[in-house]
Amino acid sequence: MKSTFSILSAAVCFNLLVGAVFAADNYSLWPRRPAELEQARRLVREQKGAEAVHLLQPFIHDNGIAGREARQITGSVNVQRYLSRRHPDARVYTVKPGDNVFKIAAAEKCPFELIMLLNGIVEPSGLRVGQKLVLVPMNCRLEIHLSQREVCVWDGETLVADYNITEHRLTGKKEGGTTLASRESLTEGSRLPARSLQTASADRVLVLENGVRIESVHHSGDEVLLDRKDINELALLLVSGCDVVTYP
(Lines give C-alpha, C1' and ligand atoms only; values in the text may rest on other atoms or scores of the structure.)
Protein backbone atom coordinates (compact mmCIF):
# COMPACT_ATOMS: atom_id res chain seq x y z
CA MET A 1 0.00 0.00 0.00
CA LYS A 2 1.33 3.38 -0.92
CA SER A 3 2.01 5.74 1.91
CA THR A 4 -0.23 8.77 2.48
CA PHE A 5 2.80 11.01 1.82
CA SER A 6 3.36 9.49 -1.64
CA ILE A 7 -0.29 9.94 -2.59
CA LEU A 8 -0.30 13.55 -1.48
CA SER A 9 2.99 14.25 -3.31
CA ALA A 10 1.58 12.84 -6.53
CA ALA A 11 -1.54 14.99 -6.18
CA VAL A 12 0.50 18.11 -5.62
CA CYS A 13 2.69 17.42 -8.67
CA PHE A 14 -0.39 16.81 -10.81
CA ASN A 15 -1.98 20.10 -9.70
CA LEU A 16 1.22 22.02 -10.42
CA LEU A 17 1.45 20.46 -13.88
CA VAL A 18 -2.16 21.31 -14.71
CA GLY A 19 -1.65 24.84 -13.41
CA ALA A 20 1.46 25.33 -15.55
CA VAL A 21 -0.32 24.11 -18.69
CA PHE A 22 -3.30 26.36 -18.00
CA ALA A 23 -1.07 29.35 -17.30
CA ALA A 24 0.89 28.76 -20.50
CA ASP A 25 -2.36 29.09 -22.46
CA ASN A 26 -3.43 32.18 -20.54
CA TYR A 27 -1.36 35.25 -21.49
CA SER A 28 -2.59 37.29 -18.52
CA LEU A 29 -1.22 34.70 -16.08
CA TRP A 30 1.97 33.90 -18.00
CA PRO A 31 3.01 37.10 -19.84
CA ARG A 32 5.47 36.58 -22.64
CA ARG A 33 8.32 39.07 -22.72
CA PRO A 34 8.74 40.18 -26.36
CA ALA A 35 12.09 39.21 -27.87
CA GLU A 36 12.34 42.76 -29.27
CA LEU A 37 13.11 44.10 -25.79
CA GLU A 38 16.32 42.13 -25.40
CA GLN A 39 17.21 42.80 -29.02
CA ALA A 40 16.77 46.53 -28.41
CA ARG A 41 19.04 46.40 -25.36
CA ARG A 42 21.67 44.66 -27.44
CA LEU A 43 21.40 47.35 -30.12
CA VAL A 44 21.85 50.07 -27.47
CA ARG A 45 25.00 48.34 -26.20
CA GLU A 46 26.25 48.30 -29.80
CA GLN A 47 25.67 52.07 -30.08
CA LYS A 48 22.72 51.55 -32.44
CA GLY A 49 20.19 53.54 -30.47
CA ALA A 50 18.13 54.70 -33.45
CA GLU A 51 17.60 51.10 -34.54
CA ALA A 52 16.55 50.14 -31.00
CA VAL A 53 14.01 52.98 -30.82
CA HIS A 54 12.53 52.03 -34.21
CA LEU A 55 12.24 48.38 -33.14
CA LEU A 56 10.31 49.29 -29.98
CA GLN A 57 7.72 51.61 -31.55
CA PRO A 58 4.93 48.95 -31.57
CA PHE A 59 5.23 48.64 -27.77
CA ILE A 60 5.49 52.31 -26.76
CA HIS A 61 1.80 52.77 -25.89
CA ASP A 62 1.34 49.36 -24.25
CA ASN A 63 0.16 49.62 -20.63
CA GLY A 64 1.81 46.38 -19.56
CA ILE A 65 5.32 45.46 -18.52
CA ALA A 66 6.53 45.31 -22.12
CA GLY A 67 5.38 48.86 -22.75
CA ARG A 68 7.02 50.18 -19.60
CA GLU A 69 10.35 48.59 -20.50
CA ALA A 70 10.07 49.81 -24.10
CA ARG A 71 9.50 53.38 -22.88
CA GLN A 72 12.46 53.20 -20.52
CA ILE A 73 14.80 52.00 -23.25
CA THR A 74 13.46 54.51 -25.78
CA GLY A 75 13.70 57.37 -23.31
CA SER A 76 17.28 56.53 -22.36
CA VAL A 77 18.23 56.83 -26.04
CA ASN A 78 16.17 59.87 -27.07
CA VAL A 79 16.89 62.08 -24.08
CA GLN A 80 20.60 62.08 -24.90
CA ARG A 81 19.85 63.50 -28.36
CA TYR A 82 17.37 66.07 -27.07
CA LEU A 83 19.84 67.42 -24.53
CA SER A 84 22.74 67.76 -26.92
CA ARG A 85 23.90 69.70 -29.95
CA ARG A 86 22.74 66.74 -32.06
CA HIS A 87 19.10 67.73 -31.58
CA PRO A 88 17.53 68.24 -35.05
CA ASP A 89 16.21 71.70 -34.06
CA ALA A 90 19.47 72.96 -32.56
CA ARG A 91 20.44 76.38 -33.90
CA VAL A 92 22.96 79.13 -33.35
CA TYR A 93 22.02 82.37 -31.56
CA THR A 94 24.15 85.54 -31.59
CA VAL A 95 24.24 87.40 -28.27
CA LYS A 96 22.88 90.97 -28.52
CA PRO A 97 23.45 94.00 -26.27
CA GLY A 98 21.47 93.62 -23.04
CA ASP A 99 21.20 89.84 -23.35
CA ASN A 100 21.72 87.39 -20.50
CA VAL A 101 21.09 83.69 -20.20
CA PHE A 102 17.72 84.11 -18.49
CA LYS A 103 16.42 86.62 -21.03
CA ILE A 104 17.50 84.43 -23.95
CA ALA A 105 15.96 81.36 -22.34
CA ALA A 106 12.55 83.03 -22.01
CA ALA A 107 12.58 84.45 -25.53
CA GLU A 108 13.84 81.31 -27.28
CA LYS A 109 11.95 78.70 -25.19
CA CYS A 110 15.15 76.96 -24.21
CA PRO A 111 15.65 76.32 -20.46
CA PHE A 112 18.51 78.45 -19.16
CA GLU A 113 20.13 75.35 -17.60
CA LEU A 114 20.22 73.75 -21.04
CA ILE A 115 21.79 76.85 -22.60
CA MET A 116 24.53 76.68 -19.99
CA LEU A 117 24.99 72.93 -20.51
CA LEU A 118 25.18 73.12 -24.31
CA ASN A 119 27.63 76.01 -24.27
CA GLY A 120 29.79 75.23 -21.24
CA ILE A 121 28.70 78.41 -19.45
CA VAL A 122 29.61 78.64 -15.76
CA GLU A 123 28.83 82.31 -15.13
CA PRO A 124 25.27 83.13 -16.38
CA SER A 125 25.93 86.87 -16.60
CA GLY A 126 29.27 86.55 -18.40
CA LEU A 127 28.01 86.63 -22.00
CA ARG A 128 29.72 88.78 -24.63
CA VAL A 129 27.99 90.70 -27.40
CA GLY A 130 28.48 88.75 -30.62
CA GLN A 131 29.07 85.46 -28.83
CA LYS A 132 27.57 82.43 -30.58
CA LEU A 133 25.35 80.13 -28.51
CA VAL A 134 23.79 76.81 -29.45
CA LEU A 135 20.11 76.69 -28.48
CA VAL A 136 17.54 73.89 -28.54
CA PRO A 137 13.98 75.27 -28.35
CA MET A 138 11.78 72.87 -26.37
CA ASN A 139 8.18 72.13 -27.29
CA CYS A 140 7.56 69.06 -25.15
CA ARG A 141 4.51 68.05 -23.14
CA LEU A 142 4.44 66.12 -19.88
CA GLU A 143 2.26 63.13 -19.02
CA ILE A 144 1.93 61.94 -15.42
CA HIS A 145 0.58 58.40 -15.06
CA LEU A 146 -0.19 57.90 -11.37
CA SER A 147 -1.33 54.26 -11.44
CA GLN A 148 1.74 53.28 -13.48
CA ARG A 149 3.99 55.49 -11.31
CA GLU A 150 5.51 56.92 -14.45
CA VAL A 151 6.24 60.35 -15.93
CA CYS A 152 6.68 60.64 -19.70
CA VAL A 153 7.91 63.52 -21.85
CA TRP A 154 6.63 63.70 -25.42
CA ASP A 155 7.51 65.84 -28.42
CA GLY A 156 4.53 65.25 -30.68
CA GLU A 157 4.46 61.48 -31.18
CA THR A 158 8.11 61.06 -30.13
CA LEU A 159 8.76 59.74 -26.63
CA VAL A 160 11.64 61.84 -25.32
CA ALA A 161 12.09 60.59 -21.76
CA ASP A 162 10.57 58.30 -19.15
CA TYR A 163 10.98 58.52 -15.36
CA ASN A 164 9.78 56.55 -12.34
CA ILE A 165 7.54 58.20 -9.76
CA THR A 166 8.95 57.34 -6.34
CA GLU A 167 5.86 58.61 -4.49
CA HIS A 168 2.90 60.92 -4.97
CA ARG A 169 0.60 62.75 -2.60
CA LEU A 170 -2.43 64.32 -4.22
CA THR A 171 -5.52 65.61 -2.43
CA GLY A 172 -8.78 65.91 -4.32
CA LYS A 173 -9.18 65.44 -8.05
CA LYS A 174 -5.99 66.51 -9.81
CA GLU A 175 -6.37 64.48 -13.02
CA GLY A 176 -6.74 66.18 -16.36
CA GLY A 177 -4.97 68.90 -18.27
CA THR A 178 -2.98 71.81 -16.88
CA THR A 179 0.25 73.65 -17.65
CA LEU A 180 3.68 74.17 -16.13
CA ALA A 181 3.25 77.43 -14.23
CA SER A 182 6.76 78.01 -12.90
CA ARG A 183 10.18 76.52 -12.25
CA GLU A 184 11.86 76.90 -8.90
CA SER A 185 15.33 76.11 -7.56
CA LEU A 186 16.07 74.97 -4.01
CA THR A 187 19.26 74.65 -2.00
CA GLU A 188 18.97 72.89 1.36
CA GLY A 189 15.22 73.50 1.27
CA SER A 190 15.51 77.26 0.65
CA ARG A 191 14.16 78.79 -2.54
CA LEU A 192 16.70 80.71 -4.60
CA PRO A 193 16.04 83.88 -6.59
CA ALA A 194 15.39 83.16 -10.27
CA ARG A 195 18.71 84.69 -11.35
CA SER A 196 20.89 83.45 -8.53
CA LEU A 197 24.37 82.22 -9.49
CA GLN A 198 23.66 79.11 -7.39
CA THR A 199 20.67 78.15 -9.50
CA ALA A 200 22.63 75.94 -11.90
CA SER A 201 23.66 73.56 -9.10
CA ALA A 202 20.38 73.65 -7.15
CA ASP A 203 17.55 71.11 -6.99
CA ARG A 204 14.69 71.74 -9.40
CA VAL A 205 11.00 72.04 -8.55
CA LEU A 206 8.33 72.22 -11.25
CA VAL A 207 5.09 73.88 -10.13
CA LEU A 208 1.95 73.12 -12.14
CA GLU A 209 -0.96 75.50 -12.67
CA ASN A 210 -3.21 73.21 -10.59
CA GLY A 211 -0.89 73.51 -7.60
CA VAL A 212 0.90 70.16 -7.89
CA ARG A 213 4.66 70.27 -7.35
CA ILE A 214 7.05 67.86 -9.07
CA GLU A 215 10.20 67.58 -6.96
CA SER A 216 12.63 65.22 -5.25
CA VAL A 217 11.96 66.03 -1.57
CA HIS A 218 8.76 66.12 0.48
CA HIS A 219 6.91 69.42 0.62
CA SER A 220 3.57 70.35 2.10
CA GLY A 221 0.68 70.10 -0.35
CA ASP A 222 0.14 68.12 -3.52
CA GLU A 223 3.30 66.64 -4.97
CA VAL A 224 4.77 64.05 -7.31
CA LEU A 225 8.23 62.87 -6.27
CA LEU A 226 11.03 61.78 -8.60
CA ASP A 227 14.66 60.94 -7.95
CA ARG A 228 16.88 64.02 -7.72
CA LYS A 229 18.76 63.20 -10.92
CA ASP A 230 15.50 62.62 -12.81
CA ILE A 231 13.79 65.87 -11.77
CA ASN A 232 16.91 67.89 -12.62
CA GLU A 233 17.04 66.27 -16.06
CA LEU A 234 13.29 66.71 -16.54
CA ALA A 235 13.69 70.45 -15.91
CA LEU A 236 16.00 70.65 -18.93
CA LEU A 237 13.21 69.41 -21.19
CA LEU A 238 10.31 71.61 -20.14
CA VAL A 239 9.57 75.33 -20.38
CA SER A 240 6.97 77.34 -18.50
CA GLY A 241 3.57 77.17 -20.18
CA CYS A 242 4.04 73.67 -21.63
CA ASP A 243 1.10 71.25 -21.51
CA VAL A 244 0.80 68.74 -18.67
CA VAL A 245 -1.76 65.93 -18.40
CA THR A 246 -2.26 63.83 -15.26
CA TYR A 247 -3.88 60.41 -15.56
CA PRO A 248 -5.32 58.48 -12.58
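## Salt bridges

A search across the whole structure, which is a predicted model, returns 19 salt bridges. As background, side chains of opposite charge can pair when their charged atoms come close. Among the pairs found here is that of Glu 46 with Arg 42, whose closest N and O atoms are 3.2 Å apart. Both partners have intermediate accessibility: Glu 46 is partly exposed at 36% relative accessibility, and Arg 42 is partly exposed with a relative accessible area of 34%. Arg 169 and Glu 167 form another salt bridge, again with 3.2 Å between the closest N and O atoms. Arg 169 has a relative accessible area of 41% and is partly exposed; Glu 167, with 27%, is also partly exposed.

The salt bridge between Glu 184 and Arg 213 has its closest N and O atoms 3.4 Å apart. Because Glu 184 belongs to strand 7 (residues 176-187) and Arg 213 to strand 10 (residues 213-215), this pair ties together parts that are 29 residues apart in sequence. Glu 184 is buried, its relative accessible area being 11%, and Arg 213 counts as buried at 10% relative accessibility. Elsewhere, salt bridges link Arg 68, Arg 71, Glu 150 and Asp 162 in a network.

## Overall composition

The protein contains seven helices and twelve strands. Of its 248 residues, 43% count as buried. The exposed area comes to about 13900 Å², of which carbon and sulfur atoms supply 56%. Among contacts with a sequence separation of 6 or more, 59% join residues that are 24 or more positions apart.

## Nonpolar cores

In soluble globular proteins, nonpolar side chains tend to be buried together. The largest nonpolar core of this model has 48 residues, and the members that touch the most others are Ile 144, Val 153, Ile 214, Leu 234 and Leu 237. Helix 6 contributes the largest share of this core, with five residues. Another core lies apart from it and has 13 residues, including Ala 40, Leu 43, Ile 60 and Ala 66.

The surroundings of Ile 144 can be listed in detail. Setting aside neighbours within four places in sequence, Ile 144 is in contact with Glu 150, Val 151, Ile 165, Leu 208 and Ile 214, and also with Val 224, Val 244, Val 245, Thr 246 and Tyr 247. Two of these names recur from above: Ile 214 is listed with Ile 144 among the core members that touch the most others, and Glu 150 takes part in the salt-bridge network with Arg 68, Arg 71 and Asp 162.

## Helix 6

Helix 6 spans residues 112-119, and seven of its eight residues are buried, so the helix is largely enclosed by the rest of the structure. The buried residues are Phe 112, Glu 113, Leu 114, Ile 115, Met 116, Leu 118 and Asn 119. An α-helix has 3.6 residues a turn, so residues three or four places apart point the same way. Just after the helix, Gly 120 adopts a positive phi of about 60°.

## The aromatic pair

One aromatic pair is found in a search of the whole structure. Phe 102 and Phe 112 form this pair, which is tilted, with 5.0 Å centre to centre and 50° between the planes. Phe 102 lies in helix 5 and Phe 112 in helix 6, ten residues apart, and the pair thereby links distant parts of the chain. Both rings belong to buried residues: Phe 102 has a relative accessible area of 15%, and Phe 112 one of 11%.

## Asn 100 and the start of helix 5

Asn 100 is placed in the loop between strand 1 (91-94) and helix 5 (101-108). With 19% relative accessibility against a limit of under 20% for burial, Asn 100 counts as buried. The side chain of Asn 100 makes two polar contacts with backbone nitrogens: that of Phe 102 is reached at 3.0 Å, and that of Lys 103 lies 2.7 Å from a polar atom of the side chain.

Phe 102 therefore appears in two descriptions, as a backbone partner of Asn 100 and as a ring partner of Phe 112. Asn 100 and Phe 112 are twelve residues apart along the chain, and their C-alpha atoms are separated by 9.6 Å.

Notes
Residues are numbered from 1 along each chain as its sequence is written. This is a predicted model: local features need pLDDT of at least 70, side-chain atom pairs count only at pLDDT 80 or more; totals for chains, interfaces and linings use all residues. Side-chain values use heavy atoms; hydrogens and water are left out. Buried means under 20% relative accessible area, exposed over 50%, partly exposed in between (1.4 Å probe, protein chains only). Helices (H or I, at least four residues) and strands (E, at least two) are DSSP runs, numbered from the N terminus. Contact means heavy atoms within 4.5 Å. Accessible areas come from the Shrake-Rupley method with a 1.4 Å probe; for residues, only the protein chains shown count as cover. A polar contact is a pair of N or O atoms within 3.5 Å; within protein, one must be able to donate a hydrogen and the other to accept it, and residues adjacent in sequence count only if both atoms are side-chain atoms. Rings of Phe, Tyr and Trp (its six-membered ring) pair if their centres lie within 6.5 Å; planes under 30 degrees apart count as stacked, over 60 as edge-to-face and the rest as tilted. A nonpolar core is a set of buried Ala, Val, Leu, Ile, Met, Phe, Trp, Tyr and Cys residues joined through side-chain atoms within 4.5 Å. A salt bridge is a side-chain nitrogen of Lys or Arg within 4 Å of a carboxyl oxygen of Asp or Glu.
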